[in-house]
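Have a look at the chain below before you read on. My notes follow, in numbered points.

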Amino acid sequence: MSLTIQQVEHIARLARLELTDEQKEHYRGQLSTILDHIAKLQELDTRRVPPTVSGSLSEMPLRTDEARPGLS
């Protein structure tokens, strides 16, 4: 997926970045490459891949919540 300069400018605005024309072109290429890789990953069939993280935080042991003095 090839981004346009206008899309890069929009992303830069959202991130509150001021980019030169050279930087916009540089990031356009980099962001387009990243989006191409993500598109390839989305094509993978992961239905048979087991989850790598437990499904719920309630299964994780947590420390007891104890009141402690705050900072001075």
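Here are a few points on the overall form and the salt bridges.

1. First, the ground rules: this is a predicted model, where local features need pLDDT of at least 70, side-chain atom pairs count only at pLDDT 80 or more, and totals for chains, interfaces and linings use all residues. Residues are numbered from 1 along each chain as its sequence is written, and side-chain values use heavy atoms, with hydrogens and water left out.

2. The protein chain has two helices and zero strands (DSSP runs, H or I of at least four residues for helices and E of at least two for strands, numbered from the N terminus). Its radius of gyration is 22 Å, well over the 11 Å that the globule rule gives for 72 residues, so the chain is more spread out than a compact globule. That radius is taken over C-alpha atoms, and the rule is 2.2 Å times the number of residues to the power 0.38.

3. Just 8% of the 72 residues count as buried (under 20% relative accessible area; exposed is over 50%, partly exposed in between, with a 1.4 Å probe and protein chains only).

4. Now the salt bridges: there are four, each a side-chain nitrogen of Lys or Arg within 4 Å of a carboxyl oxygen of Asp or Glu. In helix α2 (residues 21-42), Asp 21 and Lys 24 sit three residues apart, about one turn, and their side chains pair up at 3.9 Å, N to O. Asp 21 is exposed at 64%, while Lys 24 is buried at 15%.

5. Glu 25 bridges to Arg 28 at 2.7 Å, and Glu 25 is partly exposed at 39%. Shared partners also join Glu 9, Asp 21 and Lys 24 into one salt-bridge network.
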